Structures are given as C-alpha cells and as structure tokens.
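Student: Could you take me through one part of this model closely, namely the place where the protein meets the DNA? I would like to see how that part connects to the rest.

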There are 2 protein chains.
Amino acid sequence: MGVLEKVGTRGRKAASAVQESVAELPLDSILMSDCIEAMRSLPAKSIDMIFADPPYNLQLGGDLSRPDGSHVDAVTDDWDKFDSFAAYDAFTKAWLAEARRILKDNGTIWVIGSYHNIFRVGATVQDLGFWILNDIVWRKANPMPNFKGTRFTNAHETMIWASMGEKSRYTFNYRTMKTLNDELQMRSDWEFPICGGQERLKRDGVKVHPTQKPEALLYRVLLASTKPGDVVLDPFFGTGTTGAVAKRLGRHWIGIEREPGYCAAAIERIEAALPLDESALRTMQAPKGAPRVAFGTLVENGYLAPGTRLFDTKRRFQAEIGADGSLRCGDATGSIHKVGATVQGTPSCNGWTFWHYEAEDGLKPIDAVRQTYLLATQP
Amino acid sequence: MGVLEKVGTRGRKAASAVQESVAELPLDSILMSDCIEAMRSLPAKSIDMIFADPPYNLQLGGDLSRPDGSHVDAVTDDWDKFDSFAAYDAFTKAWLAEARRILKDNGTIWVIGSYHNIFRVGATVQDLGFWILNDIVWRKANPMPNFKGTRFTNAHETMIWASMGEKSRYTFNYRTMKTLNDELQMRSDWEFPICGGQERLKRDGVKVHPTQKPEALLYRVLLASTKPGDVVLDPFFGTGTTGAVAKRLGRHWIGIEREPGYCAAAIERIEAALPLDESALRTMQAPKGAPRVAFGTLVENGYLAPGTRLFDTKRRFQAEIGADGSLRCGDATGSIHKVGATVQGTPSCNGWTFWHYEAEDGLKPIDAVRQTYLLATQP
DNA sequence: GTCTAAATTGAATCTTCGT
DNA sequence: GACGAAGATTCAATTTAGA
C-alpha cells in the first residue's frame, strides 16, 4: 500500500481563514496516490464539487485495480469482454462511491467520458443515488478525423453533471452562464477546440499527457457550478487542468494523481497560473443573491403611495395599492404576485414585472421602484 | 397473449422481388402489438437495421409552467412510466435481446434517448455484445428553454449506433455522408430543428404523438447506415417517422406499435409519402471517388443561373452569382463560403446554408439545389 | 392580399424560504 | 417534513391575428 504523499503548491497557512472542517483538507495540493485510497483519507461531506476524467481504456492494462486493490489483467479474448466490462464497472462503482462519501450534501459531481465508457459511468452514477442534472456535450471544434472513413468523425465527448439526490440544493450560477452566453440561456452543447498550442504541456517536444483537457472547458464547469472559495476535487488530476483553472477562479482545489511525472508537470503549471483579482472574479449575481425587498416596504417608505393604481402592460387590468402593501383588483386581494396570478388565471406570476405604475413617460414596472430603493439603501 | 395484428399499407405482392428469407417478413406494414412479443414472431437474422426510440423514463415531477404562466404539455403517458431503474433495465434488456436475435450478422441498431435513459440503454447495449460504432448527438436548433433557470437548457438528445460485434461488416455510406456535408467528413453532432410545423401530425389541432421525431433525423440515419432495399425495423413505431422516410428512400420497413391511434396516424401518413424515383435512389450508393460538388458545377449545369441574386435568411445581404461560380457582394468576391464569412465578419461560413435563392414559396438555401443536383446526377 | 405583431409550443427529471 | 406564501423565470419556429 502506498503512502499518501502530499505535494503542495502553497502552505497550509493560507487555508487558515477556511472553516474548521475544510481546514482539515489538504487544500491546494496533490495527493500522489491511488485515487480510491486517497479519497478514503478525506473526511466525509467535505468537498463542494468533484470533476473527474477517469480512464476509459477498456483494455484495462495496468490502469485499473479492483476495489480490493488487486490487479486486473488485460483481457483480449472475445468471451472475456463481459468480464472486462464488469471489472470496469467495479472500478467505476468503487471510486464513485468514495466520491459520494466525501461530497457535501449539496455538492455536485462532473464526469467526462466518451462512448467507450460514459454509458457505464452514467448508469453507475444513477445506481449510486446521484441525480443527473444535465449531460453536457463538448463539441470539438477541431476533432481528429476518422482516417479510415469507417464511421462518423468522433467529434464530441460527454460530461455528466449530477447532484447528490433529487432534493439537494446544488450550486448553479444561472445568471453567470446567461451573461457568458450573450444573454441567452447556456445550452447543453458547448463548443471548444481541443487542447493544443501553447496550452498543451510538452516535455522535450512530446505531449506530457495524452488527454489533457482544455482550460476553457474547466473554466465554464467551475464558473457554472461552484462559488469562490469552494473546494474542488479532481481524483484523476493528470497534469492539473482543474487545479490551474480553480486557482485562477479563486476556488480551492485538491488533486489526486498516481504518476509522479504528471504531478510534477501539474505543480509547475499551477504555480505559474495567475489568480484573477477579486474584482475580475465578480460575476453576474442571481437576483436571489440580492436582499429581498417586500413590496410593503416600498409603500411604508413612501416609494409608492397607498391608493396608487397599477396596470399590466396592456392596461387590461387595473389594481390599487392598499396601505399595508396589499393589492386589490376587483374581488382579488393579496400580494402583488397572488393578485397578478389570479386576474390572469395562471398558476403563478411575478408581480414585480407584471404590475406597472404610471410614470411621466408611460408605464413602468414596479420592479424599477424596487431597484431605486435598493440603490438608495444598500451600502 | 395478444394476437399479432398486421396492418399493411401495401400488399405482400410488392415484396415479390425480395429474396426468399426476406419474403417471410411482414414487409412495409405495422405489427400492432407489444414490441417484444412482435419481435419474437420475426425470424432470426432477418433485419438489416433497427431504429428504436424507446420510452425515456422521464420521471417528471409536478406541473411546469412558462414564465408567462402558460402550462407546459409534458409527456405523461403511461407508456413512459416505470417503477424503478431495475424495471426499466429489465425492459431494456428484454427488447434489446430480441432485437439482437432478429438482426442480421452485419446489421446495426440505432437507439435514441436522453440523459434520463441513454446511459442505462448504452450499458445494456454493450452488455449484450453489441459494438458501439458512434454516439451521435442531435443538437436541437430550437429546444424548449429551462423556464425556471435551474440547469443548462437541455438542448440535445443522444443516439447510439452499434453493430452486432467488433468484427461485423456493417453498412456505412461514407461517401454519401461526406458529400452531404460539403465534402467534410460527417461529424458525430448533427443539428436539426425539433419536429413542428406542417410535419408535426395533429388531430383536431392536438399533436398525435408527444415525441414525434423529425424526418430529417431519420433521413440521415437511413441514408448513412442502410442500402436501398434493406429491411428497417422500428420496434417503437409511434406515428411512423421511420416508415415514412424508409418508403421515401426505397427501404423496406416494419413497424411495431401497440397504440391503435398511433398506428392509424402512421398508416395514413406513410400512404401519403412519395418515394423518390429509382434514378434518385441509386445516387444514395455514392460510389467511391464521386466528384466533389463545387458550387460552380451547379452554375455550369444550369441549376443556378449566373446573375441570380442570393440572400441570407433575413435579407441583410444580397449577392450575385458570377458565371464562374463566384459570388459578389459589394466589394467582397470569392467562393460562397468566403463571401459569406466576409460580409458577416466571421472567420468562416458554410455558404451552402447561409445563402438562399428566391423560390416561389420564399427563400431556400442553395444547399437544396445541391441536393437536387446530387439526386439527379450521381451514377 | 401583404406585411407585421402577437400568440403558441416543444421528451423537462424546472423555486425558495419561513413556520 | 409538510405547507403556504413570496419570488423568479424562456428560445426559436410556426401559426394566427391584426393592421
């Protein structure tokens, strides 16, 4: 059994501001060890997000070991194919189970793979109780062609994003993604070039790692599903793309990697990575990040007078503000949301955008009043 | 046990030209029955290709409404409900095993699904000994948004294409695909709009089937992986998209569908479908060494006259065809691709889909002209 | 009739907080 | 955990209605 060797790129002191349980973690360092063994050394429910790029070589070779640590021999016979899938499944189940143990209740996991392994991984993810949130397609702008012309060009890889369960409250920075995508919802298909050029790590002109992932991919993953200061674990760290991007984005990272050569390359690379400064890290916040303002507060503070008439954009409905911040429209009385839903006959309604007041230059949504209030009162 | 009820759209006589073993099959007709039961009635090793669109096991929760309050019409049909993953897996294994029995040794199978089910389906496909050739991503041009802003927009579905085994000699019409894709290898990600408009089958203004697939998707699937005269089976026939496209492309089809309502719609639809004529069909075989179709070829052969004006979809740009097949738009002159890129200010542009000509019923992409040319001229 | 604005709709695992 | 109220949330392609 190997000893867990920790290879840090920064001292533990830097983690002093982190809360106690997190302080136990080997933050911002690499555990040079077998991935399952290393995960076993981490405390339960301590990780915010896991990004995993597991091996998918079904020839097994020396890449895989069974959960008990024994070696899986390579298989070449057709009759043994089922057995090889079973071995891969056992390996997958073992590391995913450990991942599940160390993830926080509201944590999420990403796994990337190709058609060789992703279906088995996905089924295991579901079997272990994870709740799939999306499958994301990485469309390669410049895939390797199918030289023999025997199939379609294999131009994508698939990522699975899953939470701990159906009810878990995971992090999804919706507003950030929408901003990143030119004010359109970010879709489940992402296009990036494969990792090459200056970004591709090379040693003596030879690529250090065969499957180095582009930083742009990890950038979007981390930006979408983590918050600054979160702890991100990559159990198949390789040359540390996850660590380099995590550092850049102000997230803590932990890498697990068995190969000393990959570890060395990763450390050198991450040390050279420059973190974005605080102002650059600021992203579009979800409205729910802003303090809640009750409609009644606006009335109490004189931003909207009781008796003021409110309208929908087409003036089909007219309502009147009560002294307590309630709204009345015909027989319907209640919150701005409830009355809006009632008069429209819809199950719900955002009263802030539905109701408008009469301004000098036409109708304006009462949400504008709320914004004015927020600007005037927030420090 | 239900009786297999055969619902044909043509007499058996029409199959007389088919070889003996195939003549035993209920060609070009629907078996109104449970899919596993119906497949059991078919002879072993008799089918060239199977396209399957099984239930996705969506596991939807409560109702969903759009931001405007309108109700989203979800898939609530009983046929999509399963008690557990285990139950879904058992169902999947059962129908896939039958599919494997009736496929020829060199046959292939396509299965379409979403993240809800595709990983389980893919793992079972592999477990049964199928050899995955590609996973294909159908990128939806117009997916339904994520109304609540909780995840990435689910903008794609996944198809698995597999042969009977690693050594099987499956059909892949490489040349045809490459020609269809402007002389670039066809990739594993395909973009199509979802099925709507005139193509979407409706009864009394209501969609007949909740998950009708676009014909363009099946067109490419059949064109890529079958030959004229091949027998294509769809065990989850629904409203018969597979049958309609198979008929159009001169392939035999067999549908299995339990719901009488779907069967009736499928028959009516397929009877109305017009097969391409024989000369057009022969082009689908696309011999190796088929000439590249340059835009200029279309001009030379009178498919597009010099001087014809081309437009983008929004008529922001107007260009004129030169006698040599070049395009001119203001100062920009060159190939359809280059001029398209220049006027848009983009690094590249697929001129075939960017530029449109004025047809009687509106603008049509010049790619349509290329299709016409290909159908008419390829040996 | 023609053009433009408005309405409709699609395989969707679709909220969060306080009591 | 159940329940109720507050609050946040949509893109592209058609079709229909209206000017």
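Tutor: Let's begin at B:Pro143, where a backbone N or O atom lies 3.4 Å from a base oxygen of DNA strand D. Keep in mind that this is a predicted model, and every distance here is computed from it. B:Pro143 also reaches the other strand: one of its polar backbone atoms is 3.2 Å from a base nitrogen of DNA strand C. So much for that residue; let's stay with strand D for a moment.

A polar backbone atom of B:Phe147 is 3.3 Å from a base oxygen of DNA strand D. The phosphates are contacted as well, with a polar side-chain atom of B:Gln198 lying 3.0 Å from a phosphate oxygen of DNA strand D. B:Gln198 is one of the residues that come nearest to this strand, together with A:Tyr174, A:Lys178, A:Gln185 and A:Asn350, out of 27 residues around DNA strand D. By class, that surface has 12 nonpolar, 9 polar and 6 charged residues. If you look from the DNA side, 62% of the atoms of DNA strand D within 4 Å of the protein belong to sugar or phosphate, and the rest to bases.

Now turn to DNA strand C, which is surrounded by 41 residues. The closest are A:Arg169, B:Arg66, B:Tyr115, B:Lys148 and B:Arg151. Here the surface near the strand has 19 nonpolar, 8 polar and 14 charged residues. Of the atoms of DNA strand C within 4 Å of the protein, 49% belong to sugar or phosphate, with bases making up the rest. Chain A has its own backbone contact with a base, as a polar backbone atom of A:Ile132 is 3.0 Å from a base nitrogen of DNA strand C. For a phosphate contact, look at A:Lys314, where a polar side-chain atom lies 3.1 Å from a phosphate oxygen of DNA strand C.

With residues of both protein chains in the picture, the next place to look is where those chains meet. In chain A, 52 residues are in contact with 51 residues of chain B. A:Phe119, A:Arg151 and A:Phe152 supply 19% of the area that chain A buries against chain B, more than any other three residues. The two chains bury about 4600 Å² between them, and 51% of that is on carbon and sulfur atoms.

Polar pairing is part of this interface too: there are 31 residue pairs in polar contact across it, counting pairs with both residues at pLDDT 80 or more. On the side of chain A that touches chain B, the elements giving two or more residues are helix 3 (81-102), helix 4 (118-127), strand 5 (131-140), strand 6 (156-163), helix 5 (174-180) and strand 7 (189-192) of chain A. Strand 5 of chain A gives the largest share, 9 residues. The residues on this side divide into 27 nonpolar, 15 polar and 10 charged.

The rule also finds 4 salt bridges across the interface. In one pair, A:Arg139 and B:Asp189, the closest N and O atoms are 2.6 Å apart. These two residues belong to a network of salt bridges that also links A:Glu191 and B:Arg187.

Over all chains the structure holds 38 salt bridges, and some lie within one chain. A:Asp53 pairs with A:Lys213, with closest N and O atoms 3.0 Å apart. A:Asp53 lies in the loop between strand 3 and helix 3 of chain A, and A:Lys213 in the loop between strand 9 (206-207) and helix 6 (215-225), so the pair ties together parts that are 160 residues apart in sequence. Both ends count as buried: A:Asp53 because its relative accessibility is 15%, and A:Lys213 because its value is 6%.

For a contrast in chain B, B:Arg315 forms a salt bridge with B:Glu358, with closest N and O atoms 2.7 Å apart. B:Arg315 lies in the loop between strand 12 (309-311) and strand 13 (318-321) of chain B, while B:Glu358 is in strand 16 (residues 356-359), so this pair ties together parts that are 43 residues apart in sequence. Here B:Arg315 counts as partly exposed at 42% relative accessibility, and B:Glu358 is partly exposed at 45%.

Definitions and conventions. Residues are numbered from 1 along each chain as its sequence is written. Chains are lettered from A and ligands numbered from 1 in the order in which they are written. This is a predicted model: local features need pLDDT of at least 70, side-chain atom pairs count only at pLDDT 80 or more; totals for chains, interfaces and linings use all residues. Side-chain values use heavy atoms; hydrogens and water are left out. A residue is near a molecule or strand if one of its heavy atoms lies within 4 Å of it. A polar contact is a pair of N or O atoms within 3.5 Å; within protein, one must be able to donate a hydrogen and the other to accept it, and residues adjacent in sequence count only if both atoms are side-chain atoms. Ala, Val, Leu, Ile, Met, Phe, Trp, Tyr, Cys and Pro count as nonpolar, Asp, Glu, Lys and Arg as charged, and the others, Gly among them, as polar. Contact means heavy atoms within 4.5 Å. Buried area is the accessible area (1.4 Å probe) that two parts lose on being put together, summed over both. A salt bridge is a side-chain nitrogen of Lys or Arg within 4 Å of a carboxyl oxygen of Asp or Glu. Helices (H or I, at least four residues) and strands (E, at least two) are DSSP runs, numbered from the N terminus. Buried means under 20% relative accessible area, exposed over 50%, partly exposed in between (1.4 Å probe, protein chains only).
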